[in-house]
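Visitor: Please take a close look at one part of this model for me. I would like the surface first, then the packing and the charged pairs.

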Amino acid sequence: ISDQKPLGCWSVKHGQVLTCPVVCNFETHEYIAVHDDKVLRIWKDEDINLDKAFKATLSADVHRIHSLPEGGPLVLFKGGGVRTLDVLLEAPQQEIENVISDEAIRWSGAFMERQQPVVVFATEKDEDFFIYVQKPKLDSLHKYRLEPQESSKPLSFTAYLKNQTVTLLCLCSNDSVYQVLIPLREDAEEEEQILPKSLLLNLSVSGSVLKGTSLVVLDKDHVAVLGSLAAPDKEPKECLTVWNTKFQTLQTSKELPLGTSGQLWCYEEKIFLTHGKVLTVIMYKCETSSLAAAVGKLKGSQTSGVSSFVNWDTLEGEELVVSFQSQESVALKAESRMNLRSRRSGVAKVQPENFSVGQLLLNLKDAPTNVLEKELKELMSKVQTPDLQAAIGSVVTALTNRCRTNSRYYPRSFLLQIVETRDLSYSICPDLMAIALEKRDFSLLQICLQRFPDIPEEMTYACLKAFLSVSDAYLRVTDVDLDSVICYIDVEFNSKEVKTEIVENGFNAELDQDMCDGKIPRQTHSMSDGECCPVAPQRAALLNAVLHSAYSETFLLPHLKNLPAQQAILFLRYLYYLYVKCSEKVNTTLPGVRSPTINQIMDWMCLLLDAHFTVMVILPEARELLSKLHKFVRAQVRFYSELNKIEGSLRELQRLNHLRDSQTYSIEVLEII
């Protein structure tokens, strides 16, 4: 998620359906999935075809697989039976007992208690809810009935284990959260016990009621609830809220205007939820809550206090800092576009400087331009290291927001200084490259492409299209870094006759015509299309920056298909030129700083041909280029084929050289057959 790049993608056959969430086996680093309820699949990262992965057909339908870091995977069947994966794989067709009858599993969780795995799941039958606790390795099973309550029913569950007791939290339809304590007993009780529920939290504040859909536990005093906040005479709005269960207070909340799936996850001090079509990650840090902080927060619900540098702005992309009802016990940092790299240092303990950062950005929202830049520069020099990137991201966001509201304003030198001197990423300042494209600031785009590790494929394509469409006249007056091209592209293009060195890899444009005519390459000849760079040095430098940008073929290819035909041909001509240049050297490496590698060139050539093959075949100018490319590749294949034939003889010659006395002089003739 730090680079927004898929590391692997696997799919089942047409007609097959994945019927429970895929999990990772922490011990073997394998993935485990179930499709069509009974078919178990296990595979690793290097496996490409899921259909060829390990397969086991089970005797009963699987409800869910839980994976514990120290306890291994546990398989919960729809009938309530539980097996460890190891036991299940010994006999996949073993009979699975039905623990429940006419009940539907509504929730399940797994924990480790005294080095023993424990599975807890809740079921429903005729509006009655039951709790089951299983220890599969000890063959232990306990069943409880949840205390019924009129006019309300559980909607969502979550739980945590502490002191040999499972604390189950129930989000109910009466807009309240209840707590249920489940003891982990060793004795066998035949009678069904009733578990009492105690009110933990009312989801209402100042006349507004939260209609919750899911909840997660952040720590012993805080829970996060996702739902719809309904106020009198107002439209309900989806939002994420954080509550203090100890003092019954709303800590902070944020509207989610793009909507959610209603699902919420929490893992290693990060909250995960879907916001529109984006996976949003919210890092949090809970500190010991205090009554004074809670009471103080309630007094100033309408003041301008900022929640300990709460950076929610990436959820909406509209406001820099939002004023919340909050306290210092919970520090939240929101990150959209799946970026975590910038926060690897962790969320530090809340410092007073954090408040000043948020307050300053809020105060500078309408400040004059010269005041804004002066204050932001001072802010960047004073901010503490733990929050440096977060602060710089907010500074860039402040500048880009000002650019959007004032079309005449564009602090080019300030933005260049920030990008060149700071370790940023696209996710920290997602609007920066879009503004640079709008302003046609190709120098800034070049630096961003070289430095940002997580540029979305859509933005990479937008830059490529802009670089190919801009006129040469505009590029000649543009300040572009030519370090990646100056060593292999002659800036003067007027001369039709140039000196070229004898090729080292056995390749020449004349060799493409006839491999068997025995002609010797001349040292001086006219430039062919493959040898003369088809673009100006400035455009070549910008295209090289695109070649260096990381991408996923799956996500880039749909955008690349929209590239106009003439631009695609021009780009292919330049790639062909680079390909020929690389092949002139034994080490197939272009000189210069940040020059593209042979692998990058070939990958982009293949990608471009995949996206525009039909167009390339139809257009006459493209057919000629494809023909030259085909001949050149064929010549390389033949050349390396000949080298492979004499590989054994060359190795024998090398062996003889080691055996020969280096101090004696001799002339030997070796016949290679």
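Guide: Start with a nonpolar surface patch in this predicted model. Phe-613, Val-617 and Ile-618 make the patch, which covers about 290 Å². Phe-613 sits in helix 15, spanning residues 598–618.

Now the helix packing. Helix 12 (residues 537–548) packs with helix 14 (residues 565–583) at an angle of about 85°. Their axes are 12 Å apart. Angles of 65 to 115 degrees count as roughly perpendicular, so helix 12 is roughly perpendicular to helix 14. From helix 12, the contact uses Arg-539, Ala-540, Leu-543, Asn-544 and Leu-547. Helix 14 brings Leu-570, Phe-571, Tyr-574, Leu-575 and Leu-578. By class, the residues of this contact are eight nonpolar, one polar and one charged.

Last, the charged pairs. Side chains of opposite charge can pair when their charged atoms come close. The structure holds 18 salt bridges. One salt bridge joins the side chains of Arg-106 and Glu-124, at 2.8 Å from N to O. Arg-106 belongs to strand 8 (residues 104–113) and Glu-124 to strand 9 (residues 116–125). The two residues are 18 residues apart, so the pair links distant parts of the chain.

Terms used:
Residues numbered from 1 in each chain as written. Predicted model: local features only at pLDDT ≥ 70, side-chain atom pairs only at ≥ 80, totals over all residues. Heavy atoms only, no water. Patch = residues over 30% accessible without salt bridge, like charges linked within 9 Å, V, L, I, M, F, W, Y side chains within 5 Å. Areas by Shrake-Rupley, 256 points an atom, 1.4 Å probe, with all protein chains shown as cover. Salt bridge = Lys/Arg side-chain N within 4 Å of Asp/Glu carboxyl O. Helix = DSSP H or I, 4+ residues; strand = E, 2+ residues; numbered from the N terminus. Axes fitted to C-alpha atoms, helices over the stretch in contact; angles between N-to-C directions. Parallel < 35°, antiparallel > 145°, perpendicular 65-115°, else oblique. Contact = heavy atoms within 4.5 Å. Nonpolar A, V, L, I, M, F, W, Y, C, P; charged D, E, K, R; others polar.
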